[in-house]
Amino acid sequence: MLTSHSYSTLAKILGALRAHDTDTIEALTDPRPRSGRKNTADGDHGDGGKEALDDGDVLEEDGAAQARVGEGAAGVLRFSEERDPAVLAQFVRLRVIDPEGAYWRRGIEAATKWLRETGNDRLRVPYAYVTPDTDDWGGAGGYPLGRWIADQRRYYTDGTLEAERLVELEALGMVWAERDAAWADGVAAARLYAAAHGHFLPPTGAVWADYPIGVWAKNARAAARRAAENDELRAAGLPVPSAAGAMTQARRDELDAIDPGWCPVWDTGWQRCFRLVQNHVQAGGPLPEAAGDVVVQGEDLGRWVNAQRLGWEQLLPVQQWLLENTLGLEPVKEERPVKLTQDAKWALNLAAARQFHAREGHLRVPRKHIEHLETEGALSGRQGGADGPVVVKLGTWLDNVRKRTAKPPEQRRADLDQLGMRW
C-alpha cells in the first residue's frame, strides 16, 4: 500500500489537508486504537489531570494543541491496515467530493454491498428487496434497495438522472431498459399484494408498496388473454395475425403460481368477490346471506351472494359449478316478485288510502305512516297473483302526490277528493 499508485490521489488530498491542519492529519498516523473519548479514573485523568474530550476536540498540553480524532474517522484512513483501493476511492468521491445526497450515497453503498454478497455482476435487484438490517451491512442495512433501483430506472427513462450518477450506476452494472427487470418488479409487487389480500385480483386503481399494481395487473391480463387467443388460432390451424403484446407461457406460469384465478375469462370483479367469499368461509366464517353483514376490501359479500342466487341463469356453467361445489350456493327456489305497472301501483296505494279512511274517518296521514293492506289477486305483486298482506308506505305516497298536484289525471284526483284529500 505504501507504494501503490492507487493511493496517489489520496496522498495528495491528505498532503493538502496537512498544510491546512497539521495536527489532525498527523494524528491519523498513530496506529494505536482509540475510542474518541479518553477514559480516566476519578481524580486521575491519566494525562496530567486533563479531562476527557469528545470526538474532534483538542487537548491542550503545555500550550500546544494536540488533535484527537474518533475511531471511525481514524479507522478509514489508518495506513497500517489493508484497504480496498476501490472502497477508498468511492469513500472520497461520495463523502468528500459530493457530501450531499445521503439517500443516494446509501443506495450506492447498499448496491455495492449487494453485488459483493450475491456474487452478481449485474445490478438486477427485486423490487421488494430490502437489505438485511444487521451489523454486517452497517449503514446500508435495512435499506429499500429494490425500490431505490426502480426509482433510478424511472429517472433514467424520464431523462432526469444526473450524468455523474448515471456513470456511477453503469459502473456497478445497472440494468436500465431490460424488460425482464420491469417484469420482475411487477411480479415482486404482485406477490406482496397477494400475500396481504389473499388473491391477485386488484382493482385497476390499486397501488401497493408505491407500485401501480392495479394497472400492471390489467396490462398483464390483456397480454395473457391475447396469448390465449393466439393459442386457440394455432390449435384451429388458423394463422396468427401477430404475437406482439402476447404473454409468454413462462410468465403466465409465474403468475398462475401466485394466484391460479388471476386472469379469469369473466369479469375480474366477480372473481375477486368469489375469492373473498371463499377466503371468508375457509377461515371459519358463515356464508354471508344479507347485504351489509360482511364487507371485505370494500366489497359487500352478502349482497354479492344474493345477486348470484337471483341471477343464476345469467352465469356461465363454470361459474355455477364453482358456486355450487366451492361455496354451496344454489339458485333461489322461491318465485321472484312480479314488477307492478304504474297503474297497479296507483291502485295498490289507493286501496291503502281507502282502508285508512274507512278506519280513521279522514285522510290526514302522517309522513312516516305505513299501512298493512290485505290484497287479493294481482294487487299483491306476487308471482301468479297470490293473496297476502302488503306493506304500503301510505304517508310517503300521499306526500309525493301533493308535490305533483298538476300531474295526476282527473279521475285519480277525483278518487282522492272523495276521501277528503288535502292538496
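Tutor: Let's start with a term: a crossing is left-handed if the near helix is turned anticlockwise from the far one by less than a right angle, and right-handed if clockwise. In this structure, the crossing of α5 and α6 is left-handed. Keep in mind that this is a predicted model, where local features need pLDDT of at least 70, side-chain atom pairs count only at pLDDT 80 or more, and totals for chains, interfaces and linings use all residues. Residues are numbered from 1 along each chain as its sequence is written, and side-chain values use heavy atoms, with hydrogens and water left out.

Student: How many helices and strands does the chain have?

Tutor: There are 16 helices and six strands. Both are DSSP runs numbered from the N terminus (helices are H or I with at least four residues, strands are E with at least two).

Student: Back to that crossing, then. What makes α5 and α6 roughly perpendicular?

Tutor: Their angle. The axes of α5 (residues 102-118) and α6 (residues 145-158) cross at roughly 115° and come within 10 Å. Axes here are lines fitted to C-alpha atoms, for helices over the stretch in contact, with angles from 0 to 180 degrees between N-to-C directions. Angles under 35 degrees count as roughly parallel, over 145 as roughly antiparallel, 65 to 115 as roughly perpendicular and the rest as oblique. So α5 and α6 are roughly perpendicular to each other.

Student: Which residues make the contact between them?

Tutor: Contact means heavy atoms within 4.5 Å. On the α5 side there are Y103, W104, G107, I108, A110, A111 and W114, and on the α6 side L145, W148, D151 and Q152.

Student: R106 is in α5 too. Why is R106 called partly exposed?

Tutor: Check its relative accessible area, which is 32%. Buried means under 20%, exposed over 50%, and partly exposed in between, using a 1.4 Å probe and protein chains only. The value for R106 falls in that middle range, so R106 is partly exposed. Setting aside residues up to four places away in sequence, R106 touches G139, A140, G141 and Y143. R106 and G139 are 33 residues apart along the chain, yet their C-alpha atoms are separated by 7.3 Å.

Student: How do you know whether A227 is buried or exposed?

Tutor: Its relative accessible area is 4%, so A227 is buried. A227 sits in helix α9. Outside its neighbours within four places in sequence, A227 is in contact with A246, M247 and R252. Take M247: it is 20 residues away from A227 in sequence, and the two are 5.6 Å apart C-alpha to C-alpha.

Student: And what about P408, in the loop between α15 (394-403) and α16 (410-417)? Why is P408 called buried?

Tutor: P408 comes out at 14%, which is under the limit, so buried is the right word. Not counting residues up to four places away, P408 touches V401 and R413. For the whole chain, buried residues make up 35% of the 423 residues.

Student: What makes something a nonpolar core?

Tutor: It's a set of buried Ala, Val, Leu, Ile, Met, Phe, Trp, Tyr and Cys residues joined through side-chain atoms within 4.5 Å. The largest one here has 22 residues, and F200, I213, W216, M247, L255, I258 and W262 touch the most other members. Two or more residues each come from α8 (179-197), α9 (213-235) and α10 (249-258). The largest share is from α8, with seven residues. Apart from this core lies another, of 19 residues, including A110, A111, L123 and L145.

Student: How do you know that α11 has the span expected of a helix?

Tutor: The expected span is 1.5 Å times one less than the number of residues. For the 15 residues of α11 (residues 268-282) that gives 21 Å, and the end C-alpha atoms are 21 Å apart, so the two agree. As for cover, eleven of the 15 residues in α11 are buried, among them W270, F274 and V277.

Student: What makes α11 roughly parallel to α13?

Tutor: α11 and α13 (residues 317-327) pack at an angle of about 10°, with axes 11 Å apart. That is under the 35 degree limit, so α11 is roughly parallel to α13. W270, F274, V277 and Q278 of α11 meet Q319, L322, L323, T326 and L327 of α13.

Student: Which residues of α14 are buried?

Tutor: W346, L348, N349, L350, A352, A353 and F356. This helix, residues 342-360, reaches 27 Å from its first C-alpha to its last, close to the 27 Å expected. Right after α14 comes G361, whose phi is positive, near 85°.
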